[in-house]
Amino acid sequence: MLEGCVPWPDEFAARYREDGYWLGRPLGELLHEACVRHADRVALVSGERRMRYRDLAEASTRLAGGLLDLGVGPLDRVVVQLPNVPEFVVVMLALLRVGAIPVLALPGHRKVEVTHLCARSGAIAYVTMDQFQGFDYRELARTVREEVPAVRHVLVAGDAAEFTALDSVVSGRTDFPRVDPAEPALFLLSGGTTGLPKLIPRTHDDYAFNLRATARALGVSAADVYLAVNPVAHTAALGCPGVLGTLLAGGKAVLTTSVRPEEVFPLIRREGVTLTTLVPPLVRLWTDGAERTGTDLSGVTLQVGSAKFDPEQARRAQEVLRCRLSHWFGMGEGMMTHTRFGDPREVILSTVGRPLCEADEIVVADESGAPVPDGQEGELLVRGPYTVRGYYRAPEMNARAFTPDGFFRTGDVARRRPDGNIVIVGRITDVVNRAGEKVPTEEVEEHLRTHPAVRDAAVVGVEDPILGERSYAFVVLRDTELKLSSIKAYLRERGLATYKIPDRLIPVDALPHTAVGKVDKAALRQSAAKPVS
């Protein structure tokens, strides 16, 4: 395996192959076969652009040959920073076909993140756009070239300026190298909200299973239409089942860079969308939009994940959107749980369901690492055929993030119910330590969102010389005339413990979010720490 990656132990790898989780086939080969099998069907839609599978196969094969001619081949790392456009998919399929490893940067990343990804991964190439949403990525490419000289090639979709135009990298060759399915297929990024992202090496074997298992869980077939509204470089919209899982099944993937209901709802109707993946803030946005316009999404399945989805918001979404809801919990490192369509409504609204795969191993552990009984809270530890055994080139982090026997420490506080369904309580680090009392921020946020005048809320801890930390609640209000003191009174009436009542309430127009859709609590803490003028 590529140096710097942590392999599965031989006995686990043998078991996963024997039990059929790992097929022993490279992902690029599987996707190319899907393109050939469904040649006449529409594969991708982006605005007015439409690509059939035949077109996708031809474009990705020509680019794969061109990459080999440039000297980009097996196990070479290539940082890819493209938005939700067809070029992203063509580049992905081409890189997978030649065994090069795409390192998936998000469109919102800038100098700090992109130079870090190039240097940490040892990338020899960087693929990007000319401009997108007012930002010129060629300027960023110039910085990358200066600061990371190992990056030999910069390929640009659109006006390439002094760089290499992506559409010029073509070749008619078809003699592609053999790709080892046990090697990394791609590097995903850790989804933390602080620090530079860690690199998550997902192998061909494990990520191909990821695509198949999530598609099977949601019943995705060639008749389905997937709408990618989250950045497709993020695993939720990429492979859970996302765009790649939909293509593997022969369905149609619709790419958009807008999340606004007035733009997305007509697109859903026009293309016959049957499935999309949303983070909870977008579900709230769509629910509000549907309530205003009377929009009915009854033919659509909403796969909701990436952040905690409180039960009241889930109930309202089902009632207003009239959609089918599947509640998911997962991470770029691998393991996922989800609610099943036949589950009782209470399970769908209040839990994140059960593990995706029967080979997933889950332990809810106390601070010493010992398992706790069902019903008790502890840290969620996971291991399985699509959960990595370590980050790339990060031995010190791996020693902290993984147990000696290979369980990934998720950092999530959870409890397992007697029926096997998992409830995520919060993050270990997302607790305010106020005068020795532990305030779970997500619990307070859920209470705040039940107030009819509160659209959204986020609670953070701010350092305090007397209490250690004070709790600050940022609230997005429906009624801007509301007195904030009435919200505190409301929380007291709900019976919330006195120490859990926020020390300060701060009205905001919107909560900041990270590139992967999580509330950016680091930004909120910085804002809260600023002196009041």
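Trainee: Does A399, at 59% relative accessibility, count as buried or exposed?
Mentor: This is a predicted model, in which local features need pLDDT of at least 70 and side-chain atom pairs count only at pLDDT 80 or more, while totals for chains, interfaces and linings use all residues. Residues are numbered from 1 along each chain as its sequence is written, and side-chain values use heavy atoms, leaving out hydrogens and water. Buried means under 20% relative accessible area, exposed over 50% and partly exposed in between, with a 1.4 Å probe and protein chains only. Because its relative accessibility is 59%, A399 counts as exposed.

Trainee: What is α2 in relation to α9?
Mentor: The axes (lines fitted to C-alpha atoms over the stretch in contact, with angles from 0 to 180 degrees between N-to-C directions) of helix α2, residues 27-37, and helix α9, residues 242-249, come within 8 Å and cross at roughly 50°. Helices here are DSSP runs of H or I with at least four residues, numbered from the N terminus. Angles under 35 degrees count as roughly parallel, over 145 as roughly antiparallel, 65 to 115 as roughly perpendicular and the rest as oblique, so α2 is to α9 oblique.

Trainee: Which helix gives the most residues to the largest nonpolar core?
Mentor: A nonpolar core is a set of buried Ala, Val, Leu, Ile, Met, Phe, Trp, Tyr and Cys residues joined through side-chain atoms within 4.5 Å. The largest holds 124 residues, of which L56, F88, Y126, L238 and V243 touch the most other members. With 10 residues, spanning part of 86-98, the top contributor is helix α4.

Notes
Helices (H or I, at least four residues) and strands (E, at least two) are DSSP runs, numbered from the N terminus.
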